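Here are a few notes to help you find your way around this one. Have a look at the sequence and the structure first, then read on.

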Amino acid sequence: MSENPNSGRPPLKRDTETGITSCFMPDGERQTYSDFLQLDVLLELQKTFQDPPQRDELLFIMIHQVSELWLKLLYSELEHARQHIQKDELRSCQKCFSRVKAIEEQLISAWKVLLTMTTADYKSFRHALGQSSGFQSWGYRRVEFILGNKDAGHLDVHAHDPKAHGILSQALVAPSIYDALLQLLSDRGFGVPQELLNRDRREPYGGDPSVLEIWRQIYSDPHAHWDLYELGEILMDVEGLFQRWRFDHASAVERIIGHQKGTGGSSGVGYLKAALNLRFFHDLYDVRNTLLGTG
């Protein structure tokens, strides 16, 4: 009889609302640092495919696994921030966004480590990736969805994986950060058109003249609307850091593989550079033109 690979490990439970998996182990059994962090599981996940193992394959795997962990935490913090906006708790919301920005900085810094790998290093194991590609990351796509870049077409990539497809399907129909903010503006008495509040949340929001006028009022008198003004600037910080991550990603890929097609059928650098034209918070960009008299 084969040994159960999970024998001796504590039971796991996944919270369906937050997506967080928790380990239930009696206090008396959590005796070590390794027990608490489940290092016996974590440190066995870095499996290379080359024989003999390639040094840079381990680097590549670890960089992307760590990034997926940061993306998981990033989504959790964005979800908490959305809940605070929905409850008009903007002071509490600021702490979530402070952590969001710190996580984004960590994601950006990862490219520095990856760039210690040269083109020749990558070539030594690239074939082992098969059809896998970063654009298949449902953790990344879920972050894009809650930030507002909705696209139902991205679910097709996960048609073979019911779990990932289900997670992204829920994220697609859920309100984005900006959807929650539009509702808050309406609750505060600003004239947000009803059709925007009732719009299809599966579609990306592209800005609206009525909402732009609301932001013009807020930015023209920030002291009268300080918490909304401050939130607007925080969202600009969040988007700016996300764009830096996208840019550094595209730059790293271009340096390592040039303009060749990426694995998994993506267009490589072209696909990544196209994402630099995407925005989450259109009205917050456009209000600058209005305030400076060019809009």
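The points below cover the core, a buried arginine and a pair of cysteines.

1. Before anything else, keep in mind that this is a predicted model.

2. A good place to start is the largest nonpolar core, which has 70 residues. If you want landmarks inside it, pick Ile85, Phe97, Leu181, Leu185 and Trp215, the ones with the most contacts there. Helix H11, running over residues 226-257, gives this core its largest share, 14 residues. As background, nonpolar side chains in soluble globular proteins tend to be buried together.

3. Now zoom in on Leu185. Setting aside neighbours within four places in sequence, Leu185 touches Phe190, Val192, Ile214, Trp215, Ile218 and Leu228. One of these, Trp215, is also among the residues with the most contacts inside the core.

4. Next, take a look at Arg142, which sits in helix H6 (residues 138-147). Arg142 is buried but has no salt bridge. Which side chain of opposite charge is nearest to Arg142? That would be Glu79, 6.2 Å away, whereas a salt bridge needs the atoms within 4 Å. Beyond its neighbours within four places in sequence, Arg142 is in contact with Tyr75, Ile167, Leu168 and Ala171.

5. Last, the cysteines. The disulfide count comes to zero. Why is Cys96 not bonded to Cys93? Cys93 has the closest cysteine sulfur to that of Cys96, but the two are 6.0 Å apart, too far for a bond; the cut-off is 2.5 Å. Both residues are buried: the relative accessible area is 1% for Cys93 and 8% for Cys96.

Key:
Residues numbered from 1 in each chain as written. Predicted model: local features only at pLDDT ≥ 70, side-chain atom pairs only at ≥ 80, totals over all residues. Heavy atoms only, no water. Helix = DSSP H or I, 4+ residues; strand = E, 2+ residues; numbered from the N terminus. Buried < 20%, exposed > 50% of the residue type's maximum accessible area, 1.4 Å probe, protein only. Lys, Arg positive; Asp, Glu negative; His and termini not counted. Contact = heavy atoms within 4.5 Å. Core = buried A, V, L, I, M, F, W, Y, C linked by side-chain atoms within 4.5 Å.
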